Amino acid sequence: MPNMTWLADVLRQGGLKVQEENGWQTRGHGEMGDVRGIMLHHTAGPAEGNYPSLNIVRDGDSSLPGPRAQLGLGRDGTWIVIAAGIAYHAGTGGPWESVPKNEGNEYMIGVEAESVGTRPDWTPEQLDAYPRGVAALLKHVHQPASRAIGHKEWAPERKSDPAFWPGDMDGFRTEVEKHLNGQGGPAPAPSPGQPQPGGREFGTWGTGVKVHSEPKLDSPVVHTLNGPTKVTVDFQRRGDLVVADGFSNPWWAHVPQFNGFMTNIYIDHPDSLLPGVPQN
Ligand SMILES: [Zn+2]
């Protein structure tokens, strides 16, 4: 099938929070075959941050180029849309149902959910959003809950992900089944003012907004936001007073995606100090 440019819309329509990575619609190692299942992974990434594995999942490294999954799942339950074409996530394994041996990448969508993988650290948001999102994807491709498969089921001799899911993969599929039957309940409403594990998502405004390595104007610029976008802020810190566009504000938002700080002025929220974001 052509690139899966429907991924973001289908997840949004499923009631999920969605973050689209620039260029996802054309990213991939060629076009997928027909989608016959969803493969579930954990990132085995860092313990802190909302989706600290973004770079490795999107870009890979010299041992295996990215994308290494079409989708990510952050600790705050946000689905991160990374690629619409083939991703290198399944590796050797199978066969499984109608997916031929060693052809998981061609026929299965890969999801890399953020988890250290060595202890049960799934957040309440992930416990809701992971099966909810998988159900939305399966519904779109007209496949049943049995087509949600763990990487460790595909390649049991060399893989353990996803680990520590309540009820393991059967428990996961039971949740997917509930959503497919319309018994999963509505998506939880965001709770403004409550700190969220992994950070809160905000819109930004302004053009050419610089992200610095420290909350200081003379620290190196690590990224520039060309225009309005969405960012996840995991904490905020008092730093240099910034005066711009008629505002002045000493508070800076830490954006783990860029491993840097941007002034709260260009976060699209009326308060100088962002609600529900820890100070650090
Ligand atoms: Zn995996």
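Trainee: What are the helix and strand shares over residues 23-163, and how far apart are the end C-alpha atoms?
Mentor: This is a predicted model, in which local features need pLDDT of at least 70, side-chain atom pairs count only at pLDDT 80 or more, and totals for chains, interfaces and linings use all residues. Residues are numbered from 1 along each chain as its sequence is written. Helices (H or I, at least four residues) and strands (E, at least two) are DSSP runs, numbered from the N terminus. Over residues 23-163 the chain is 22% helix and 18% strand, with the end C-alpha atoms 30 Å apart.

Trainee: Which strands are the edges of the open sheet of six strands?
Mentor: Two strands pair if DSSP finds at least two bridges between them. The order is S1-S6-S5-S7-S2-S8, with mixed pairing. Strands that pair on one side only are the edges: S1 (18-20) and S8 (148-150).

Trainee: Which residue in S6 is the bridge partner of Gly72?
Mentor: Strand S5 (residues 71-73) runs antiparallel to strand S6 (residues 79-81), and three bridges join them. The partner of Gly72 in S6 is Ile80.

Trainee: What is the radius of gyration of the protein?
Mentor: The radius is taken over C-alpha atoms, and the globule rule is 2.2 Å times the number of residues to the power 0.38. For 280 residues a compact globule would come near 19 Å, and the protein agrees, with 19 Å.

Trainee: What percentage of the 280 residues is buried?
Mentor: A residue is buried if 20 or more other C-beta atoms, placed from the backbone, lie within 10 Å of its own. By that criterion the buried share is 46%.

Technical notes: A residue is buried if 20 or more other C-beta atoms lie within 10 Å of its own, exposed if 12 or fewer, and partly exposed in between; C-beta atoms are placed from the backbone.
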